[in-house]
Protein chains: 2
Amino acid sequence: MSPYHHGDLRRAVLAAAVTAITENGPTAISLRDLARRVGVSHAGPVHHFKDKAGLLTALAAEGFDLLADALVETRDSGGNFVEIGVSYVRFAIEHRAHFEVMFRPDLYHSDDESVATAQQRAREVLVSGAGQVPGDRDPEVAKLAAWSLVHGFATLWNTGSLSDPGDDPESTARAVAGMLFSK
Amino acid sequence: MSPYHHGDLRRAVLAAAVTAITENGPTAISLRDLARRVGVSHAGPVHHFKDKAGLLTALAAEGFDLLADALVETRDSGGNFVEIGVSYVRFAIEHRAHFEVMFRPDLYHSDDESVATAQQRAREVLVSGAGQVPGDRDPEVAKLAAWSLVHGFATLWNTGSLSDPGDDPESTARAVAGMLFSK
DNA sequence: CGGTGCATCTTGTCGGTGACAAGTTTCGTT
DNA sequence: AACGAAACTTGTCACCGACAAGATGCACCG
């Protein structure tokens, strides 16, 4: 019936991890539960990820890559500085599982090469929008402010910390981000 | 020698938890390790906190109270809107353990009464600065933007996500927060 | 001043988990 | 066809959270 070799266990486990994290948060997952979901023995995933932190390392790297892709897409389709920020928020909400892992470096091997390069790429895309900073401000500071703002909004949204969230995070994010560059 | 009754086990465990979380992050702690640190049996802490989430609930409640205190102090000593934000960042860094727990509602009983009221108080203090919002903007949006900005900066700082952090988070936070209300 | 009730803490236990070691099956290569 | 490596399984160990039951000491009431 089911082959001894799964075929693409690595991908299957990662997908199961995304589902499980979306359901219960990144700390609640267990390798053994993921193995069960995928239909493999309890030590199956270990072979591909070394340990639990290794699995989350792979997820974080994948996340930074997806984020960089999303930001590039927004930038290259003519999105201005604010829209890149909105894209950041959209990613955080749509890929909540990835996002939550990415910014919990205590959960994974943050010095791993794959995650470091992916993270660097995402950072560079974010930086690339700095040339579009309106006004006569210090672009370094403005960039950091914008990143902080969208990151904070996304985090507050995802943690359910907002008292009156509304139902459209994107437009709220757009309004909030616009605050940085108006009057 | 050591008395059967610890005296103030609850406080001792909370303090040990703060130390442990500061060292290894909030997910790495174990009730049994805290019990060991404090010098009681492995089930000692259970009596005071019911379960692990109960311990983190107490920590979160304590954290929201400390945050509200800090913000009130800044506000009442004449701090303007920006300085309240800087105070928020300062709290997040000085009380990193508390802060990290507070915004991980999946780790504790977020509907607990004690934590809910403390959280509400902190929120109200934050709102109270809204009257000072400069310019002619929508104060609701401006408030949310400010909160997002300082929260995001604090989170990025604490997670080590900034590529070139510098050595003075407070002044950086001040510069970044000022970005919202200049030109 | 003596006893009793109760909060506090201990001991013991259970299922679940991560990590590791060793074995088994399949694949790829020659 | 055979052999070595890769993929997965089985087994085990220490640790953890939760729970149950027992031991201890404090406070209060008589």
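**Close-up views of two DNA strands and three helix pairs**

**View one: side chains at DNA strand D.** B:Arg36 places a polar side-chain atom 2.5 Å from a phosphate oxygen of DNA strand D. Two elements, helix H3 (46–49) of chain A and helix H2 (31–38) of chain B, give two or more residues to the surface near this strand. The model shown here is predicted, so local features need pLDDT of at least 70 and side-chain atom pairs count only at pLDDT 80 or more, while totals for chains, interfaces and linings use all residues. Residues are numbered from 1 along each chain as its sequence is written, chains are lettered from A and ligands numbered from 1 in the order in which they are written, and side-chain values use heavy atoms, leaving out hydrogens and water. Look next at B:Arg32, where a polar side-chain atom lies 2.5 Å from a base nitrogen of DNA strand D. Chain A joins in through A:His48, with a side-chain N or O atom 2.5 Å from a phosphate oxygen of the strand. For these pairs, a polar contact is two N or O atoms within 3.5 Å; within protein, one must be able to donate a hydrogen and the other to accept it, and residues adjacent in sequence count only if both atoms are side-chain atoms.

**View two: the wider surroundings of DNA strand D.** There are 24 residues around DNA strand D, and A:His6, A:Ser41, A:His48, B:Arg32 and B:Arg36 come nearest. Of the strand's atoms within 4 Å of the protein, 59% are sugar and phosphate. A residue counts as near a molecule or strand if one of its heavy atoms lies within 4 Å of it. With 3 residues, H2(B) gives the most to this surface. Sorted by class, the surface near DNA strand D has 8 nonpolar, 11 polar and 5 charged residues (Ala, Val, Leu, Ile, Met, Phe, Trp, Tyr, Cys and Pro count as nonpolar, Asp, Glu, Lys and Arg as charged, and the others, Gly among them, as polar).

**View three: backbone atoms at DNA strand C.** DNA strand C is surrounded by 23 residues, with A:Arg32, A:Arg36, B:His6, B:Ser41 and B:His48 the closest. Sugar or phosphate makes up 62% of the strand's atoms within 4 Å of the protein, and bases the rest. Here is one for the backbone enthusiasts: a backbone N or O atom of B:Ser41 is 2.6 Å from a phosphate oxygen of DNA strand C. In chain A, polar backbone atoms do likewise: that of A:Lys52 is 3.0 Å from a phosphate oxygen, and that of A:Leu31 is 3.1 Å from a phosphate oxygen. Helix H2 (31–38) of chain A and helix H3 (46–49) of chain B each supply at least two residues of this surface, and H2(A) gives the most, with 3 residues. The class tally for the surface near DNA strand C is 8 nonpolar, 10 polar and 5 charged.

**View four: helices H1 and H2 in chain A.** Chain A has 9 helices and 0 strands (DSSP runs numbered from the N terminus: helices are H or I with at least four residues, strands E with at least two). Helix H1 (residues 9–24) and H2(A) have axes that come within 9 Å and cross at roughly 115°, which means that H1(A) is roughly perpendicular to H2(A). H1(A) passes H2(A) in a right-handed crossing. A:Leu9, A:Ala12, A:Val13, A:Ala16, A:Ala17, A:Thr19, A:Ala20 and A:Glu23 of H1(A) meet A:Leu34, A:Arg37 and A:Val38 of H2(A). This contact comprises 8 nonpolar, 1 polar and 2 charged residues. Axes are lines fitted to C-alpha atoms, for helices over the stretch in contact, with angles from 0 to 180 degrees between N-to-C directions. Angles under 35 degrees count as roughly parallel, over 145 as roughly antiparallel, 65 to 115 as roughly perpendicular and the rest as oblique. A crossing is left-handed if the near helix is turned anticlockwise from the far one by less than a right angle, and right-handed if clockwise; contact means heavy atoms within 4.5 Å.

**View five: helices H8 and H9 in chain A.** Helix H8 (residues 139–158) and helix H9 (residues 169–178) of chain A pack at about 145°, their axes 10 Å apart. Their crossing is right-handed. H8(A) contributes A:Leu149, A:Phe153 and A:Trp157 to the contact, and H9(A) contributes A:Pro169, A:Thr172, A:Ala173, A:Val176 and A:Ala177. By class, that is 7 nonpolar, 1 polar and no charged residues.

**View six: helices H5 and H8 in chain B.** The axes of helix H5 (residues 81–94) and helix H8 (residues 139–158) of chain B come within 9 Å, crossing at roughly 30°. H5(B) is therefore roughly parallel to H8(B). The crossing of H5(B) with H8(B) is right-handed. On the H5(B) side, the contact residues include B:Tyr88 and B:Ile93, and on the H8(B) side they include B:Trp147 and B:Trp157. This contact holds 11 nonpolar, 3 polar and 1 charged residues.
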